[in-house]
Amino acid sequence: MTMSLPRQTASPHQPAPRRVETRRQRNRRRAITLITIVLLIGVPAGYLLWCAHQSRSSGRDKAAKYAATGLTPTYPAKVQRRLYQVPVPHPADRLASYETNNWRTSRLYVQFRTTQAGLDTFLDAMGVKRSDLKKGAVTFSARDRQVTGWDFQGPGAWWGLSHSQKNPAPSQDVMVNLANPVLPMVYVVSRTVP
């Protein structure tokens, strides 16, 4: 009789035979890897670039606003309109504004063109009437005219009023050019003492 030898088992240190990956499995694995990389790295990097761009644009806008040394064609901010009590009516165009601040007095300069109804709305919101306007009255100081470049010497039907209020409420000087009665041009200087 012949003796049979026992079968040897595979060595535990020997790797198991690798399964062969099909082309479809390989493409799927690569696609999942690519999507993971895009989601974990690409999206945050894109968001970071977008935030940096917005921050840079905001800084430029603020720098331009605070570097202004006279009227700029901008709508005064809502907080400025409320603080200085300058209710710009709707519709209004040819709008420009400028704010100055120092330790004694803060001023907001605003100009706009509006309709007859807009002028009445503006004056009513300030607490004055159209009848308070005085023909030919130049209510702005020489300093205010120099800061803004406004010249009220030329032709035009100039009307003005001063609306003084007790501190801390602002006081306003208003000039209206009624040369075009359908679309009057309004000039306002509002002063407040901090």
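Okay everyone, quick one to start: is E21 buried, exposed or partly exposed? E21 is partly exposed, because its relative accessible area is 39%, between the 20% cut-off for buried and the 50% cut-off for exposed. Keep in mind that what we're looking at is a predicted model.

So who does E21 pair with? Its side chain meets that of R29 in a salt bridge, 3.1 Å from N to O. R29 is partly exposed as well, at 43%. In general, side chains of opposite charge can pair when their charged atoms come close.

A search of the whole structure turns up seven salt bridges. Another one joins D120 and R130, at 2.9 Å. D120 sits in helix α3 and R130 in the loop between α3 and β3, so this pair ties together parts 10 residues apart in sequence. Then there's K129 with D124, at 3.8 Å. Here K129 counts as exposed, at 52%, while D124 is partly exposed at 46%. And R107, R143 and D144 are linked in a network of salt bridges.

Okay, on to the rings. The structure has seven aromatic pairs. Take Y98 and Y109: their ring centres are 6.2 Å apart and the planes sit at 20 degrees, so we call that pair stacked. Y98 is in strand β1 and Y109 in strand β2, and both are buried.

Now compare W150 and Y187. This pair is edge-to-face, with 70 degrees between the planes and 5.1 Å between the centres. W150 is in a loop, Y187 is in strand β6, and they're 37 residues apart. Both are buried.

Last thing: Y98, Y109, W150 and Y187 belong to one aromatic cluster, together with F140 and W158.

Technical notes:
Residues numbered from 1 in each chain as written. Predicted model: local features only at pLDDT ≥ 70, side-chain atom pairs only at ≥ 80, totals over all residues. Heavy atoms only, no water. Phe/Tyr/Trp six-rings, centres within 6.5 Å; stacked < 30°, edge-to-face > 60°. Helix = DSSP H or I, 4+ residues; strand = E, 2+ residues; numbered from the N terminus. Buried < 20%, exposed > 50% of the residue type's maximum accessible area, 1.4 Å probe, protein only. Salt bridge = Lys/Arg side-chain N within 4 Å of Asp/Glu carboxyl O.
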